Amino acid sequence: MQFHHHGYVSSDPRVQPAAGTGLDRPTQLPGEVDVLVVGAGPAGMIVAAQLSQFAGIHTRIIDRRASRLEIGQADGIQKRSVETFEAFGFADEIVAEGCEVTQTVFWKPDPLDPARIVRASREPEDEHGVSEYPHILVNQARVLDYFGQVMRRAPTRMQVDYGLELQELRLAEHGQYPVSALLRHTAGEHEGQMRTVRARYVVGADGAHSRVRRAVGCEFQGSASNHAWGVIDLLAVTDFPDVRTKCVIKSGEGGSILLIPREGGFMFRLYVDLGEVEPGAGGAVRQTTVEQTIARARSILRPYALDVRHVAWYSVYEVGHRVCDRFDDVPAQQRGARTPRVFIAGDAAHTHSAKAGQGMNVSMQDGFNLGWKLAHVLEGRSPESLLASYSAERQVIGQDIIDFDRRWATMMATPPEQLGSPEEVEAAYAQITEFAQGFMTQYAPSSITGKATYQHLATGFPIGRRFKSARVVRVADARPLHLGHQARADGRWRLYVFADAARAHEDSPAAALGSWLADAPESPVRAHTPVGRDDNAWFDIKIIYQQPHEAVAIEQVPLAYKPRVGPWQLVDYENVFATLPGEDIFALRGIDRAGAIVVVRPDQYVAHVLPLAARAELAAFLRGFLRPRS
């Protein structure tokens with residue numbers, strides 16, 4: 001963490017100085033805002049947390065609840081989500097608080113007595129090391145709390161405006177604030193009163209029954225419901241031996257349980273299969289009592305006992321495989337003719353079953369994708385056309401998740417020994433695990449994602465997929481660090497310069513690139529960074545040398561990799577890295593020894609791979625979606 005470059009800091013350095021809309025933030029929701037986020041669930045909160053970093057953008061987030069979520073709802077935090085939390089600065093805290101999943105245990109009917117269940121197999125959670133982070137289990141309420149903490153510490157001092165529910169949404173063809181939202185107070189001294197807020201943009205993160213979605217005519221495609229689940233968070237005494245391990249349990253009668261150990265060491269969650277739901281019969285299954293669900297769980301767990309001492313939360317829900325035809329307000333026939341003003345994210349845009357554990361995780365990636373794009377447009381970094389890429393990218397991913405969800409449900413319901421040879425089982429689980437953990441997302445070529453012309457220069461950083469971190473050594477202090485962990489959710493583009501074999505003091509392609517980045521008028525730093533801003537305000541440029549850190553003369557490193565920052569133009573030494581002995585990032589990520597530029601988007605996805613000498617190509621790529629210097 002870097003601070004002091006704007007003056008001495010003696011208080012918590014994670015609390016940024018208030019600025020812009022945070023200097024005199026109205027207590028009451030104003031009549032006009034830049035962005036109105038509807039719904040303070042995972043998708044809405046990550047959008048708001050991202051936008052809270054931009055002092056000049058007035059964002060408000062509303063929720064119909066009277067106060068914060070306290071218990072229940074989602075609980076599985078996939079590895080890709082934890083990587084995202086690192087960008088917002090709270091990965092270590094939430095990992096320490098959560099319950100880590102290291103394996104999944106499969107239980108099946110005993111062949112000798114199908115009325116009983118027996119352990120069938122144990123499958124490791126991440127045998128192939130798709131991420132350095134763990135898969136954890138923690139209540140969704142705590143995830144929202146951490147995003148709320150990020151917002152309060154941000155320059156805008158953002159907080160959720162609770163007790164406000166969207167009633168109606170209207171769009172005008174013209175005007176600075178073309179979206180009008182009619183809101184009703186659901187709690188507090190103004191309960192029952194109505195008010196209107198006008199916004200430049202609205203984000204509908206208001207769940208599966210989204211009023212924003214209905215207002216803009218987005219339609220769910222797929223089955224409305226296909227399965228019902230009774231979900232219980234409980235404290236119980238049981239002789240079931242794997243109660244502190246994630247389990248998939250299938251009984252002889254056909255019923256099944258997904259058992260999830262919860263944080264804290266004592267509570268666990270049961271997803272109890274209540275069976276298929278016939279069309280129109282959802283009302284009946286929702287009347288299933290907690291006692292009935294517990295009785296069914298006891299039947300599935302035979303011969304093991306389940307003595308329930310306390311139920312912390314209980315719900316019955318039906319989830320089908322559904323995804324919207326688009327994730328914004330622009331119908332297909334108007335694509336390219338106008339830019340979107342309203343967006344939907346999370347459950348408002350797609351729903352899937354509990355077995356895949358994707359709801360909260362995919363929702364947050366929706367929000368991360370959208371947040372930086374809104375910031376780019378509102379700050380004047382990019383034209384409004386950038387916003388069309390949100391639906392274009394995330395709607396495809398939504399459909400991919402639905403397709404995966406069906407495959408996952410089949411896999412989870414089938415004992416591994418019935419799936420084929422051990423090698424086939426291993427390969428199937430490896431692929432499904434990587435998808436479930438959020439690492440199979442790959443964005444197609446577009447204005448913000450390049451073509452794979454030079455992919456061979458960095459095969460371990462596939463274009464369109466998330467930047468997979470590896471350890472390096474920071475030269476300035478000889479500290480081993482994960483390269484990807486040094487990026488924050490600050491809206492900046494990352495340029496990772498993997499140097500050729502030359503040393504820092506020698507003439508080389510990496511040195512020539514550094515000179516061009518620092519001085520050339522067509523360099524992205526000079527062509528796009530606003531006058532008066534630090535050189536690293538829009539671009540975070542890091543260089544990684546092939547030598548051990550002792551062989552890198554940091555005083556000889558080009559100035560582009562040591563930017564001057566703050567009012568005193570102090571030197572930032574923390575962008576220069578070297579390889580870590582035994583963990584050479586060049587070898588681990590398939591980086592050509594002639595060097596490469598890896599361009600990474602603000603949401604941690606690889607946007608392009610280019611040769612060190614491809615300066616014109618780099619400039620042209622970034623010029624395709626960034627406005628000229630002002």
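**Cavities in a predicted model**

Colleague: Which two domains does the largest cavity lie between?
Modeller: Look at who lines this cavity. Domain 1 (1-98 + 138-223 + 321-398) and domain 3 (455-624) both give residues to the lining, so the largest cavity lies between them. The bounds come from an automatic or database domain assignment. The names are domain 1 and domain 3.

Colleague: What kind of model is this, and how are residues numbered?
Modeller: Residues count from 1 along each chain as its sequence is written, and side-chain values use heavy atoms, leaving out hydrogens and water. Local features need pLDDT of at least 70, side-chain atom pairs count only at 80 or more, and totals for chains, interfaces and linings use all residues, as the model is predicted.

Colleague: How many cavities of 30 Å³ or more does the search find?
Modeller: A cavity is a set of 1 Å grid points where a 1.4 Å probe fits but cannot get out. Volume is the space filled by probe spheres on the points, joined across faces, edges and corners. The search covers the whole structure and finds four.

Colleague: Which residues are closest to the centre of the largest cavity?
Modeller: This cavity has a volume of about 180 Å³. Lining residues have an atom within 4 Å of a point. Of the 20 that line it, the closest to the centre are Phe467, Gly484, His485, Ala487 and Gln604.

Colleague: Which element gives the largest share of that lining?
Modeller: Two elements give two or more residues: α2 (79-88) and β23 (493-498). Helices (H or I, at least four residues) and strands (E, at least two) are DSSP runs, numbered from the N terminus. The largest share, four residues, comes from α2.

Colleague: What is the volume of the second largest cavity?
Modeller: Its lining is Thr21, Arg25, Ile57, His58, Thr59, Arg60, Thr156 and Met158. The volume of the second largest cavity is about 60 Å³.

Terms used. On a 1 Å grid over the protein atoms alone, a cavity is a set of points where a 1.4 Å probe fits but cannot get out, and a pocket is an open set with protein on both sides within 12 Å along at least five of seven lines; lining residues have an atom within 4 Å of a point.
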